[in-house]
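Visitor: I am new to this structure and would like a close look at a single part of it. Could you take me slowly through one helix and its surroundings?

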Amino acid sequence: MECLAQLEALCERLYNSLDSAERAHAESTLKCFSVNTDYISQCQYILDNASTPYALLLASSSLLKQVTEHRLPLQLRLDIRNFLVLAVLYTYKCSKTKGNYIINYLATRGPDLEPFVVGSLIQLFCRVTKFGWLDDDRFREAVNELINFLSQ
């Protein structure tokens, strides 16, 4: 928990500091999240556990960059996509089908998130879906999942 608090403070400095040296230090420290695929699970942990909007933005924008710049294995892309779905099913007590973590995350936490975080998460969902559309039919389920979610 202490490490998460330190990360949140570093993210706050990255996005809000008026001191360019402090911002540069924060950027160089946090860069690993967006360039090293080993940090994908940490980004998911941050999304689940961080309380500050800047830490959430770091996690979602880092995942977006990872998905865009690296040819991630199919299963990892599916995991990222599915990671962004499960929360709604539990919050709204929906029947669990296959679930989309991003949609569920947005439904559960979206009303409390800053608009720039919501926008980044939506962009992440769209990018993951777009890049996987022709690779696996499960990415195409997003349309039906959104329709089902919106009809509840």
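Guide: What follows is a walk around helix α4, with a few other places added for context.

This is a predicted model, in which local features need pLDDT of at least 70 and side-chain atom pairs count only at pLDDT 80 or more, while totals for chains, interfaces and linings use all residues. Residues are numbered from 1 along each chain as its sequence is written, and side-chain values use heavy atoms, with hydrogens and water left out.

The chain has ten helices and zero strands, where helices (H or I, at least four residues) and strands (E, at least two) are DSSP runs numbered from the N terminus. Of its 152 residues, 43% count as buried, a word that stands for under 20% relative accessible area, with exposed meaning over 50% and partly exposed in between (1.4 Å probe, protein chains only). Among the contacts in the chain with a separation of 6 or more, 53% come from residues 24 or more positions apart, contact being defined as heavy atoms within 4.5 Å.

Helix α4 covers residues 40-49. Two packed helices are described by the angle between their axes and the distance between the axes; the axes are lines fitted to C-alpha atoms, for helices over the stretch in contact, and the angles run from 0 to 180 degrees between N-to-C directions. With α5, the axes of α4 come within 8 Å and cross at roughly 145°. The crossing of α4 and α5 is left-handed, a term used if the near helix is turned anticlockwise from the far one by less than a right angle, with right-handed used if clockwise. On the α4 side the residues involved are Ile 40, Cys 43, Ile 46 and Leu 47, and they meet Ala 55, Leu 56, Ala 59, Ser 60, Ser 62, Leu 63 and Gln 66 in α5. The residues of this contact divide into eight nonpolar, three polar and no charged, where Ala, Val, Leu, Ile, Met, Phe, Trp, Tyr, Cys and Pro count as nonpolar, Asp, Glu, Lys and Arg as charged, and the others, Gly among them, as polar.

Gln 42 is also found in helix α4, and its relative accessibility of 34% makes it count as partly exposed. Gln 42 and Ala 59 are 17 residues apart in sequence, and in space they are 8.2 Å apart, C-alpha to C-alpha.

Helix α4 also packs with α6, at an angle of about 5° and with their axes 11 Å apart. That angle makes α4 roughly parallel to α6, since angles under 35 degrees count as roughly parallel, over 145 as roughly antiparallel, 65 to 115 as roughly perpendicular and the rest as oblique. Here Ile 40, Gln 44, Leu 47 and Asp 48 in α4 meet Leu 76, Asp 79, Ile 80 and Phe 83 in α6, and the residues of this contact divide into five nonpolar, one polar and two charged.

In the loop between α4 and α5 lies Ala 50, which counts as buried at 3% relative accessibility. Leaving aside neighbours within four places in sequence, Ala 50 is in contact with Leu 4, Glu 8, Tyr 45, Ala 55, Leu 56 and Arg 109. Ala 50 and Leu 7, although 43 residues apart in sequence, are 9.1 Å apart in space, C-alpha to C-alpha.

The two partners of α4 can be followed a little further. Helix α6 spans residues 74-83 and holds Arg 77, which at 5% relative accessibility counts as buried. Beyond its neighbours within four places in sequence, Arg 77 is in contact with Arg 71, Leu 72, Val 128, Phe 131, Gly 132, Asp 135 and Phe 139.

Helix α5 (residues 53-69), for its part, packs with helix α9 (residues 115-132) at an angle of about 20°, their axes being 9 Å apart. That makes α5 roughly parallel to α9, and the crossing of these helices is left-handed. The residues of the contact of α5 with α9 divide into 13 nonpolar, five polar and one charged. Among the α5 residues that meet α9 are Leu 56, Ser 60 and Leu 63, and these three also take part in the contact of α5 with α4.
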